[in-house]
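Student: Could you take me closely through one helix pairing in this model, together with the ionic pair beside that topic?

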Amino acid sequence: MRLWWVLQLTAGFLIFTSHIVNRKLSLCFTSYIYYSLVSICFSGWMLPLSYQKAPSFFQPWFFGIACLTVFGFSGSILYFHESVHWYNMIGALLAVLGCVLIAL
């Protein structure tokens, strides 16, 4: 089966967690090690394999952007308790809608 979207989703979530660690701990040895581990051991092979298995180039590209948008949006609200403006919500919605329209 061509589960390229699972690879994109997993890599996007790992990238999201590495940026949470970077923001929480700032730039230190621990955040650098975590970011390197995610980049080298996981997303370094997941993302190219996802692009290889996808039916077109645009689908994983926009799906990855939409995943990072949704993860960042939810992380801002749920984890960091930041206020999100209406235009941020519209931007996240448009990114997800663009992903759906390109996948058609």
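Tutor: What follows looks at the packing of two helices and then at a salt bridge.
The model is predicted, so local features need pLDDT of at least 70 and side-chain atom pairs count only at pLDDT 80 or more, while totals for chains, interfaces and linings use all residues. Residues are numbered from 1 along each chain as its sequence is written, and side-chain values use heavy atoms, with hydrogens and water left out.
Helices here are DSSP runs of H or I with at least four residues, numbered from the N terminus. Helix H1 (residues 4–25) and helix H3 (residues 58–79) have axes that come within 9 Å and cross at roughly 40 degrees, the axes being lines fitted to C-alpha atoms over the stretch in contact, with angles from 0 to 180 degrees between N-to-C directions. H1 and H3 are therefore oblique to each other, a class left over once angles under 35 degrees are called roughly parallel, over 145 roughly antiparallel and 65 to 115 roughly perpendicular. In the contact (heavy atoms within 4.5 Å), residues of H1 including Trp-4, Phe-13 and Lys-24 meet residues of H3 including Pro-60, Phe-71 and Tyr-79. The residues of this contact divide into 13 nonpolar, six polar and one charged, where Ala, Val, Leu, Ile, Met, Phe, Trp, Tyr, Cys and Pro count as nonpolar, Asp, Glu, Lys and Arg as charged, and the others, Gly among them, as polar.
A search of the whole structure finds one salt bridge, meaning a side-chain nitrogen of Lys or Arg within 4 Å of a carboxyl oxygen of Asp or Glu. Arg-23 and Glu-82 form this bridge, with their closest N and O atoms 2.6 Å apart. Because Arg-23 lies in helix H1 and Glu-82 in the loop between H3 and H4, the pair ties together parts 59 residues apart in sequence.

Conventions. Helix = DSSP H or I, 4+ residues; strand = E, 2+ residues; numbered from the N terminus.
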